[in-house]
Structure formats: C-alpha cells, structure tokens
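Got your viewer open? Here's a short tour, stop by stop, with something to select at each one.

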Amino acid sequence: MSRKKYIIFVLFFTIPVMPFCIYLDSTKFKGAGIVLYLCLQSFICFFTSYLLIYKKSYNILAGMTEEEYNRIEKISKRVGYIFVFIGILLLFSIYFI
C-alpha cells in the first residue's frame, strides 16, 4: 500500500467520525464521543502495525542490498510493535473512562 492510499484510507475513517464525536459530546451521551474517538485511534494504530509487521508496506528500492533490506525490515517491525503497544494502551484507556 502506498503512502497516498494509506493517508486516504485513514482520512476516510477520520473525517466522518470527528464531527460525530463532537456532536455526541454535546448531547446527553457525554463521554461517548471520546470512546468512539479512542476506538478510531486504536484502529488506526492496529492497521498501521499490521501493514508494518505483516504486509511490509515499505518500498524495496532497485539496487538495495540484502543488508539494507534486513535493516529496514527490522526497523519497520519495531515500529509496528510500538504501534500495537499504543493501540493496546488506547483500548485500556477506553476501559477506564
């Protein structure tokens, strides 16, 4: 998945949810907008980690050596695990709200 498609995908989910969260917080359902927004953030974190760990969505450049490829793969997996950890923290914060 290219960066452009990823940004479009994330914005496709974020833009409709934000006004809805603001509307929910202004009604009698206070806190529901925050929960919905944190669910969206955790979804984005899990989707990003899925792309980085399993799909390896980075581009392999022509002429890249095997050592550079292995280095980039390790770095992307570490970043993916960081996003998984952030997503889990967001889900726990939803539970304690």
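Let's begin with a puzzle: is Phe47 buried or exposed? Select Phe47 and switch on the surface: at 15% relative accessibility, Phe47 counts as buried, because the cut-off for buried is under 20%. Keep that residue in mind; the tour comes back to it.

**Stop 1: the whole chain**

Zoom out for a moment. What you have on screen is a predicted model. Colour by confidence, and you are looking at an average pLDDT of 79, with 90% of the residues scoring at least 70. Confidence is lowest in α2, at a mean of 81, and highest in α3, at 84.

Now switch to a cartoon view. The protein has three helices and zero strands, so to speak an α-α-α run from the N terminus on. Of its 97 residues, 26% are buried. Show the surface again: about 7,300 Å² is exposed, and carbon and sulfur atoms supply 71% of that. As for contacts with a separation of 6 or more, 65% are between residues 24 or more positions apart.

**Stop 2: the rings**

Select the aromatic side chains. How many aromatic pairs does the count come to? It comes to seven. Start with Phe9 and Phe13: their ring centres are 4.9 Å apart and their planes sit at 70°, so this pair is edge-to-face. Both belong to helix α1 (residues 3–26), where being four residues apart separates them by about one helical turn. Phe9 is partly exposed, with a relative accessible area of 27%, and Phe13 is also partly exposed, at 31%.

Next, add Phe43 and Phe47. Here the ring centres are 6.3 Å apart with the planes at 20°, so the pair is stacked. Why stacked? Planes under 30 degrees apart count that way. Phe43 and Phe47 are four residues apart in helix α2 (residues 32–55), about one helical turn. Phe43 is partly exposed at 35% relative accessibility, whereas Phe47, our opening residue, is buried.

Now put Tyr6 and Phe12 on screen with those four. Ring pairs link Tyr6, Phe9, Phe12, Phe13, Phe43 and Phe47 into a cluster.

**Stop 3: the nonpolar core**

Hide the rings and select Val10, Val17, Cys21, Leu40 and Ile44. These five residues form the largest nonpolar core. The elements giving two or more residues to this core are α1 and α2, and α1 gives the most, with three. Click on Val17 and look at what touches it: leaving aside neighbours within four places in sequence, Val17 is in contact with Leu36 and Leu40.

**Stop 4: the third helix**

Select residues 66–96, which make up helix α3. Try the distance tool on its end C-alpha atoms: they are 45 Å apart, which agrees with the 45 Å that 31 residues should span at 1.5 Å a residue. Which residues of α3 are buried? Pick out Glu73, Ser76, Gly80, Gly87, Leu90 and Ile94.

Finish on Lys74, which also lies in helix α3. Lys74 is exposed, with a relative accessible area of 55%. For a last distance, go from Lys74 to Ile53: the two are 21 residues apart in sequence, and 9.3 Å apart in space, C-alpha to C-alpha.

Conventions
Residues numbered from 1 in each chain as written. Predicted model: local features only at pLDDT ≥ 70, side-chain atom pairs only at ≥ 80, totals over all residues. Heavy atoms only, no water. Phe/Tyr/Trp six-rings, centres within 6.5 Å; stacked < 30°, edge-to-face > 60°. Buried < 20%, exposed > 50% of the residue type's maximum accessible area, 1.4 Å probe, protein only. Core = buried A, V, L, I, M, F, W, Y, C linked by side-chain atoms within 4.5 Å. Contact = heavy atoms within 4.5 Å. Expected span 1.5 Å × (residues − 1). pLDDT = per-residue confidence, 0-100. Areas by Shrake-Rupley, 256 points an atom, 1.4 Å probe, with all protein chains shown as cover.
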